[in-house]
Amino acid sequence: MSAACAVSRKAQPPLRPPGERDPPAKAMRRGLRRSHEEEREQLPWRGERGGEREAEEAAPLSDARRRRQPQEPRAAAAAATAARAEAEAEEERLEREHFRRIINAFRYYGTNMHERVNRTERQFRSLPANQQSLLPQFLPHLDKIRKCIDHNQQILQTIVNDCVHMFENKEYGEDGRGKITPASTFDMDKLKSTLKQFVRDWSEEGKPERDSCYQPIISEIVKNFPKERCWRFRADSVALAQQPISRSSSPTYKYLKKFSNNRRSADQIRPIYFPDVDPHSLPSGANFSMTAGDFQEIYSECNTWDCIATCFFIDTAHNVIDYIDTIWKILKPGGIWINVGPLLYHFENLANELSIELSYEDIKNVILQYGFRIEPEEEFCQYNSFLYWRAPLPALDLSDIQDLDGETVPETKTPSRAETMETEMET
């Protein structure tokens, strides 16, 4: 089942201007404090010692009295500070180690793929000579694969050559030229998936898939944020996205690891050229950047963003409600949250990882309870995706807004409850 819907955050009351009365809770605390002071003034102190005690309590602390003060709270605070610093240092170390593993996987690609081709050659040579003679082009084909592997490795090495300055908020010491160590199967599978993303996000062959993911998001942004308006936009995605890269078009070979189910041998070494768009054609003020770290920790400033777009992202959370909570806080009142992507929770099958797997129905209920408004909501089947469209408040007059192709953005029909139930039953 797939779904699309629009989510709108209700406008919040403005902050209390200076000079207004305190909220009831604070006023109550202050009122209690004043009443205690008045009662204390009316208490009958017995004898002169009572007056001396009152004067001693009112007098500033002497050095001797300071030394008599209990040290436990101060020691506990120092211990808590030290524990926080140690935890932050450990987290930083783990981040650096993870980054080093990624860079190492990029550089280990060639070795890993050559080992795979060598194994195929050994198995072929184990066949009887008469069977080998039936396939005279098999070994020359493996040599072509090796050349394509070397070319892919050059591209990957170019990417990591300047990885120290890859992120705007972090600089790592790994420069992409250290010692190469064997990478795990998990890391290599992720890297080979990255080559596929090159094709999806930066090539002509990937345009249909790209349009099905990104175009609904882009169209909704253009509809709600015309060029003449000033707005802030944040995109989060597990995809590579179309970041600017060199214009010189270069081939990549994403099918090299596919030794099975090939119609022709040449299909395995078919080149795909990227990028298909000149990055220099972007407006001069365009600003693309990547930020390293945890989504919830990096984006914590409340009421900051007019629009947040999440693409194939929310199922990367250990607890998707944490993501919803963060998005609610950092969006401005009336801002827009746009999401597309499946609910294939990344930590679902990892034994020692927290993973809260919620259905679309549960997520929708949570979103509504936070105060979002969903408008409109529609069901569709491609990508098993759920889109949360969020319209700013007050409502905009969209009659004169054009989409990217200069055509009027069509009105989206909100299905009735009966239609929604029928779609779910058919699915």
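In this predicted model, the largest nonpolar core holds 26 residues, and those touching the most other members are Y109, I145, I149, L156, M188, F198 and L256. Three helices, α4 (72-125), α6 (138-160) and α7 (185-202), each contribute at least two residues to this core. Of these, α4 provides the largest share, with eight residues. M188 offers a convenient place to look at the surroundings in detail: once its neighbours within four places in sequence are set aside, M188 is in contact with A105, Y108, Y109, N112 and A183. Y109 thus appears twice, both as a contact of M188 and among the core residues that touch the most other members. Apart from this core lies another one, made up of 23 residues and including W305, I308, L358 and F372.

Attention can now turn to a pair of packed helices. In general, such a pair is described by the angle between the two axes and the distance between them. For helix α10 (residues 320-330) and helix α11 (residues 360-370), the axes come within 11 Å and cross at roughly 30°. Because angles under 35 degrees count as roughly parallel, α10 is roughly parallel to α11. The crossing of these two helices is right-handed. On the α10 side, the contact is made by V320, I321, I324, D325 and W328, while α11 brings I363, V366, I367 and Y370. Sorted by class, the residues of this contact comprise eight nonpolar and one charged, with no polar residue taking part. The charged one is D325 of α10, since Asp counts as charged.

A further residue worth a look is R373, which is placed in strand β7 (residues 372-379). Is R373 buried, partly exposed or exposed? With a relative accessible area of 30%, R373 is partly exposed, because this value falls between the 20% limit for buried and the 50% limit for exposed residues. R373 and I336 are separated by 37 residues in sequence, and their C-alpha atoms lie 9.9 Å apart in space.

Finally, some totals give the wider setting. The chain contains twelve helices and eight strands. Of its 427 residues, 34% are buried. Among the contacts in the chain with a separation of 6 or more, 78% are between residues 24 or more positions apart.

Methods. Residues are numbered from 1 along each chain as its sequence is written. This is a predicted model: local features need pLDDT of at least 70, side-chain atom pairs count only at pLDDT 80 or more; totals for chains, interfaces and linings use all residues. Side-chain values use heavy atoms; hydrogens and water are left out. A nonpolar core is a set of buried Ala, Val, Leu, Ile, Met, Phe, Trp, Tyr and Cys residues joined through side-chain atoms within 4.5 Å. Buried means under 20% relative accessible area, exposed over 50%, partly exposed in between (1.4 Å probe, protein chains only). Helices (H or I, at least four residues) and strands (E, at least two) are DSSP runs, numbered from the N terminus. Contact means heavy atoms within 4.5 Å. Axes are lines fitted to C-alpha atoms, for helices over the stretch in contact, and angles run from 0 to 180 degrees between N-to-C directions. Angles under 35 degrees count as roughly parallel, over 145 as roughly antiparallel, 65 to 115 as roughly perpendicular and the rest as oblique. A crossing is left-handed if the near helix is turned anticlockwise from the far one by less than a right angle, and right-handed if clockwise.
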